[in-house]
Amino acid sequence: AMLPELSPGRAPYAGMTLEETVAELKQHPMFMTDLDADNVGDNRELAAMQALAFDGTPLENAANFKDQGNECFRGRRWADAKEFYTQGIALLVAEERRRAGLGSEKQQQTQSPKESEPTPEKASQEGQGNTENDTDYNRDDPDEVRKQKQLLEQLYGNRAACHLELRNYRSCTSDCAGALRLNARNVKALYRSAKALAAVGRVAEADDACARGLAVDPDNAALRAVAREIAAQTSAAAAARRRDEERAEQARHRERLRRAAVAARGIRMRTSGPGTKPPDMEDARVQLVPDPSDPASTLAVPTLLLYPLHFETDFIKAFNETETLDQHLAGYVLPPPWDREGLYSTAAGVECFAETAAGGLVRVGRKAPLLKLLGGGAVEIVDELLRIYVVPKAKADGWVKDFKAKKAA
């Protein structure tokens with residue numbers, strides 16, 4: 001049976017498989033799913049659309065990008081607006097660089113018309129349309145340059161507004177600087193710069209930008225509102241600094257009182273030598289309680305109870321100088337949950353020792369206040385921690401003998 005002839009629009013796809021037809025359609029800009037930047041020049045349809053996008057002067061093309069960006073901005077599509085403004089900025093910055101290059105080079109006094117005429121390839125690369133070849137268009141005309149700079153200033157300001165909405169504060173201040181380079185009296189750029197700087201805590205710079213804006217427009221409501229915000233932020237920062245200074249001074253005062261209390265009691269304290277990591281006790285330290293700022297308070301000492309025969313420990317966070325060891329042992333420490341043999345069932349069944357600064361051992365009286373142990377200076381507190389060994393009374397002599405033997409070795 002004869003198949004019907006394809007319509008003229010589908011005739012180019014005659015004899016193609018479905019996959020080949022889809023691949024061919026994807027070469028058309030309307031159906032593209034990705035873009036190979038290396039093969040753009042081989043695609044006639046895409047090249048034609050790109051040429052249309054830049055079919056005008058740099059000023060016209062940049063203005064078109066600005067209009068598209070403004071439309072996105074009104075729709076609160078900040079990121080899309082930013083991209084359009086960026087394309088406009090790129091065109092006009094390229095013109096600035098071109099003019100700067102021309103100004104730095106020595107121009108030929110005589111040049112043939114053919115040499116001065118830009119090629120189509122160069123016009124396409126620089127975003128110029130066929131208007132470059134018009135005899136009535138001068139891209140370096142002073143009025144054209146002035147309009148380009150005005151538009152570039154606006155594009156920088158608009159992109160700064162997008163960055164401010166997107167919280168890209170550093171980029172916002174950079175674009176504001178670009179606008180202010182072209183017009184130091186740009187109030188909107190000064191406003192946005194002040195907002196961005198204040199948002200990242202650069203209060204002094206924000207205050208300066210705000211002051212410069214108000215010098216241009218003293219009645220600007222937005223700037224006056226930002227000035228009030230900056231004043232409040234400055235006041236809050238000053239109050240925070242005062243609080244920090246007060247806390248620091250209070251901490252120094254408490255440390256002086258603590259050191260004086262330790263010295264007055266004849267207690268010996270030191271830190272471990274280099275290469276030794278102090279124990280992690282969080283906020284536990286030798287301190288005056290209940291009020292560290294009151295010289296009449298008593299000292300509390302973090303204490304580690306070691307059970308050397310069973311490699312176990314207990315921690316007393318605040319052993320008060322007026323308390324006895326028996327109060328802790330009999331009160332809640334003994335018997336420990338791991339003592340299956342019942343060797344530590346009562347305080348009366350254990351002997352306690354502390355190491356002296358000279359490396360020996362001293363027996364710790366369970367019913368004597370802690371200050372009696374520490375006040376003589378024989379036992380020292382190392383790294384804010386007192387260590388007391390707890391040994392079953394029946395095994396105490398053997399453990400002491402073994403301890404001394406290891407020290408002597």
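Start by selecting helix α9 (residues 187-199) and helix α11 (residues 221-264) in this predicted model. Their axes come within 10 Å and cross at roughly 25°. Angles under 35 degrees count as roughly parallel, so α9 is roughly parallel to α11. Turn the view until you can see one helix pass the other: the crossing of α9 and α11 is left-handed.

Now show some side chains. On the α9 side, pick Val187, Tyr191, Ala194, Lys195 and Ala198. On the α11 side, pick Ala222, Leu223, Val226, Glu229, Ile230 and Gln233. These residues make the contact between the two helices. Try colouring them by type: you should get 8 nonpolar, 1 polar and 2 charged.

Keep α9 on screen and add helix α8 (residues 169-182). How do α8 and α9 pack? Their axes are 9 Å apart, at an angle of about 155°. Anything over 145 counts as roughly antiparallel, which means α8 is roughly antiparallel to α9. Here, too, you're looking at a left-handed crossing, this one between α8 and α9.

Which residues of α8 meet α9? Select Tyr169, Cys172, Thr173, Cys176, Ala179 and Leu180 in α8. Across from them, in α9, light up Ala189, Leu190, Arg192, Ser193, Ala196, Leu197 and Ala199. Colour this set by type as well, and the contact of α8 with α9 divides into 10 nonpolar, 2 polar and 1 charged.

Last stop: show α8, α9 and α11 together. From α9, look one way to α8, roughly antiparallel to it, and then to α11, which α9 runs roughly parallel to.

Notes
Residues numbered from 1 in each chain as written. Predicted model: local features only at pLDDT ≥ 70, side-chain atom pairs only at ≥ 80, totals over all residues. Heavy atoms only, no water. Axes fitted to C-alpha atoms, helices over the stretch in contact; angles between N-to-C directions. Helix = DSSP H or I, 4+ residues; strand = E, 2+ residues; numbered from the N terminus. Parallel < 35°, antiparallel > 145°, perpendicular 65-115°, else oblique. Left-handed = near helix turned anticlockwise from the far one by under 90°. Contact = heavy atoms within 4.5 Å. Nonpolar A, V, L, I, M, F, W, Y, C, P; charged D, E, K, R; others polar.
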